[in-house]
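Colleague: Please take me closely through one part of this model, the place where its helices pack against one another and against their surroundings. I would like the charged pairs there treated with care, and the terms you use spelled out.

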Amino acid sequence: MLTPYPHPYASACPGAPDPGPGPGPDEGTLSCSMTLPASPRSAGIARQAVRAALHAYALDPLEPTAVQAASELVGSAWRMDPHGELYLSVRYRDDALRVIVYDGHPTHTHPRLTALCEARRRSTLRVFSALVRDHGGDWGLGPSREPGGGTRTWATLPNRPPNG
């Protein structure tokens, strides 16, 4: 095939530098994200997407925990913001997988409402919390740093869970 670009991975913009072939799946650089509708079906879509991404990057040992974690995070976010959109991000760096879900549920200005809302969200994540802890990971939630605001909930799962 003839192409005006010198490299098959070259940018469509002639002024852009040639990035080269870039990292492949075997180099542990998974970065996958998607926007999902706030719907009960979105947890299933998240499970399928995470499963496929982990398999494509040969991170199959993380699959059971990561798939369940993504499902729990998306399900909880949908309950908190049933009319908006959810954003799922899965990244693998430094021998750990990070699963993040953003939803549009705003941070409350009144401290009591904030505490009640956080308690409710944490109660929907009891199974998720135990899952992450049993895998040797960490999780948290807080205000989103995205321009639209909302809430960010995340988990970090090490590639090798602790023995025992």
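Modeller: What follows begins with the ground rules, goes on to the helix contact, and then moves to the residues around it.

This is a predicted model, in which local features need pLDDT of at least 70 and side-chain atom pairs count only at pLDDT 80 or more, while totals for chains, interfaces and linings use all residues. Residues are numbered from 1 along each chain as its sequence is written, and side-chain values use heavy atoms, with hydrogens and water left out.

To set the scene, the protein chain has four helices and five strands, where helices (H or I, at least four residues) and strands (E, at least two) are DSSP runs numbered from the N terminus. In order from the N terminus, these elements read β-α-α-β-β-α-α-β-β. Of the chain's 164 residues, 37% count as buried; the cut-offs are under 20% relative accessible area for buried, over 50% for exposed, and partly exposed in between, with a 1.4 Å probe and protein chains only. Among contacts with a separation of 6 or more, 61% come from residues 24 or more positions apart, a contact being heavy atoms within 4.5 Å.

The part to look at closely is the packing of helix 2 (residues 63-80) on helix 3 (residues 111-124), whose axes come within 9 Å and cross at roughly 145 degrees. Those axes are lines fitted to C-alpha atoms, for helices over the stretch in contact, and the angle runs from 0 to 180 degrees between N-to-C directions. The crossing of helix 2 past helix 3 is right-handed, meaning that the near helix is turned clockwise from the far one by less than a right angle, whereas an anticlockwise turn would be left-handed. Helix 2 brings Glu-72, Ser-76, Ala-77, Arg-79 and Met-80 to the contact, and helix 3 brings Cys-117, Arg-120, Arg-121 and Thr-124. Sorted by class, these residues are three nonpolar, two polar and four charged; Ala, Val, Leu, Ile, Met, Phe, Trp, Tyr, Cys and Pro count as nonpolar, Asp, Glu, Lys and Arg as charged, and the others, Gly among them, as polar.

One of the contact residues on helix 3, Arg-121, also takes part in a salt bridge with Asp-103, at 2.7 Å from N to O. A salt bridge here is a side-chain nitrogen of Lys or Arg within 4 Å of a carboxyl oxygen of Asp or Glu, and in general side chains of opposite charge can pair when their charged atoms come close. The pair links distant parts of the chain, with Asp-103 in strand 3 (residues 96-103) and Arg-121 in helix 3, 18 residues apart. Both ends are shielded by the chain: Asp-103 is buried at 3% relative accessibility, and Arg-121 is buried at 2%.

By the rule just given, the count comes to three salt bridges, and a second of them also lies in helix 3, where Arg-122 meets Glu-118 at 3.0 Å, N to O. These two residues are four apart in helix 3, and so about one helical turn separates them. Arg-122 is partly exposed at 37% relative accessibility, as is Glu-118 at 33%.

The remaining salt bridge belongs to helix 2, where Glu-63 pairs with Arg-51, the closest N and O atoms being 3.1 Å apart. Glu-63 in helix 2 and Arg-51 in helix 1 (residues 42-56) are twelve residues apart, and their pair links distant parts of the chain. Glu-63 has a relative accessible area of 22% and Arg-51 one of 35%, and because each value falls between the two cut-offs, Glu-63 and Arg-51 are partly exposed.

Helix 2 also holds Ser-71, which is buried at 11% relative accessibility and, leaving aside its neighbours within four places in sequence, is in contact with Ala-43 and Arg-47. The loop between helix 1 and helix 2 contains Ala-58, a residue that is not a glycine yet has a positive phi of about 55 degrees, and Ala-58 is exposed at 59% relative accessibility. Finally, Pro-40 sits in the loop between strand 1 (31-37) and helix 1 and is exposed at 57% relative accessibility; the C-alpha atoms of Pro-40 and Val-74 are 8.8 Å apart, with their positions 34 residues apart along the chain.
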